[in-house]
Amino acid sequence: RIWKVDRQGKATVFVKTEDFPQTPLFLNDLVLDGSGNLYASDTGDIDKGGKGAIFKITPAGKVSLLISEAQNASIKSPNGLLFESPSSLLVIDFASGELLRLNVAKGTVAKVADGFGGGDGLARDAAGMLYMSDWKNGKVWKLDLKKRGTKAEPYVQAFKASADITMSRDGKFILVPDMKAGTLVWLPK
């Protein structure tokens, strides 16, 4: 299920398990589009990989299946989500370690880059630089998508298990929760 917390701190269930068109196995990341729709990744079978999906949830709480592994084999275990444009959703896959671009209107998927182990989180800075975390290998990567043919560069700093990431409010740091170490690292970008 997906919970909603109001400004007073009151939590209510926004989407119940039975509201999904198929039962999620491992709900993971959430992202909003510019119209107020929520997108949720279902990483699927976290141990074996696969059986993943991405759901779209309207502001009223109506859930639809956007894409799944059953429809497109590239969507194995989607984890981190980040809108690149109103119709382009970046997806990092936990099972394959691939960075994918999903056209939400057409349902098409293209591989952008790979080699990210257990792809977990995605973040972007004001200049458009993309940052990715690799939970399995304890790495954080950066990739300039504006330059064609550019390769992702890993940060030197190692983590036990770098999870979902975000940018600091001032945009100078990548906030990296290291789940196995139980720490939050402010990594200079």
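What percentage of the 189 residues in the protein do buried residues make up? In this predicted model, buried residues account for 43% of the 189 residues. The report below begins with the overall fold and then turns to individual residues.

**Overall architecture**

The secondary structure of the protein consists of 17 strands and zero helices. The C-alpha atoms occupy a box of roughly 45 × 40 × 35 Å when the box is taken along the principal axes. A compact globule with 189 residues would have a radius of gyration near 16 Å, and because the protein has 16 Å, the value agrees with that expectation. With regard to chain topology, 36% of the contacts between residues at least 6 apart in sequence join residues that are at least 24 apart.

The accessible surface comes to about 10100 Å², and carbon and sulfur atoms contribute 51% of that area. As for the charges, the protein carries 26 positive and 21 negative ones, and the mean positions of these two sets are 3 Å apart.

**Two buried strand residues**

N79 is located in strand 7, which spans residues 78–85. With a relative accessible area of 3%, N79 is buried, because the limit for that class is under 20%. The side chain of N79 reaches the backbone oxygen of G119 at a distance of 3.3 Å. When residues up to four places away in sequence are left out, N79 touches N28, D29, S41, T43, I92, F94, G119 and D120, so that G119 appears both in this contact list and as the partner of the side chain.

L187 belongs to strand 17, which covers residues 183–188. L187 has a relative accessibility of 4% and therefore counts as buried. Beyond its neighbours up to four places away in sequence, L187 touches V140, Y155, Q157, F159, K172, F173, I174 and V176. One of these partners, V140, is 47 residues from L187 in sequence, and the C-alpha atoms of the two residues are 9.3 Å apart in space.

**The end of the chain**

K189 is found in the segment after strand 17 and, at 39% relative accessibility, counts as partly exposed. Its contacts, not counting residues up to four places away in sequence, are with D125, Y131, K142, Y155, M167, G171, K172, F173 and I174. Y155, K172, F173 and I174 are among the residues touched by K189, and they are also among those touched by L187. The C-alpha atoms of K189 and L102 are separated by 26 Å, with their positions 87 residues apart along the chain.

**Loop residues**

Three further residues lie in loops between strands. K51 sits between strand 4 (38–42) and strand 5 (53–57), and its phi is near 65°, a positive value in a residue other than glycine. K51 has a relative accessible area of 55% and is therefore exposed, the limit for that class being over 50%.

S87 is placed in the loop between strand 7 and strand 8, the latter covering residues 88–93. At 33% relative accessibility, S87 counts as partly exposed. Leaving aside its neighbours within four places in sequence, S87 is in contact with L102, N103 and V104. The C-alpha atoms of S87 and V104 are separated by 5.4 Å, although the two residues are 17 residues apart along the chain.

K16 lies in the loop between strand 2 (11–15) and strand 3 (27–32), and with a relative accessible area of 41% it is partly exposed. K16 and S168 are 152 residues apart in sequence, and their C-alpha atoms are 32 Å apart in space.

**C-alpha separations side by side**

The table collects the residue pairs discussed above.

| Residue pair | Separation in sequence | C-alpha separation |
|---|---|---|
| S87 and V104 | 17 residues | 5.4 Å |
| L187 and V140 | 47 residues | 9.3 Å |
| K189 and L102 | 87 residues | 26 Å |
| K16 and S168 | 152 residues | 32 Å |

Terms used
Residues numbered from 1 in each chain as written. Predicted model: local features only at pLDDT ≥ 70, side-chain atom pairs only at ≥ 80, totals over all residues. Heavy atoms only, no water. Helix = DSSP H or I, 4+ residues; strand = E, 2+ residues; numbered from the N terminus. Rg over C-alpha atoms; globule rule 2.2 N^0.38 Å. Buried < 20%, exposed > 50% of the residue type's maximum accessible area, 1.4 Å probe, protein only. Contact = heavy atoms within 4.5 Å. Areas by Shrake-Rupley, 256 points an atom, 1.4 Å probe, with all protein chains shown as cover. Lys, Arg positive; Asp, Glu negative; His and termini not counted. Charge placed at Lys NZ, Arg CZ, Asp CG, Glu CD. Polar contact = N/O pair within 3.5 Å; in protein donor to acceptor, adjacent residues only side chain to side chain.
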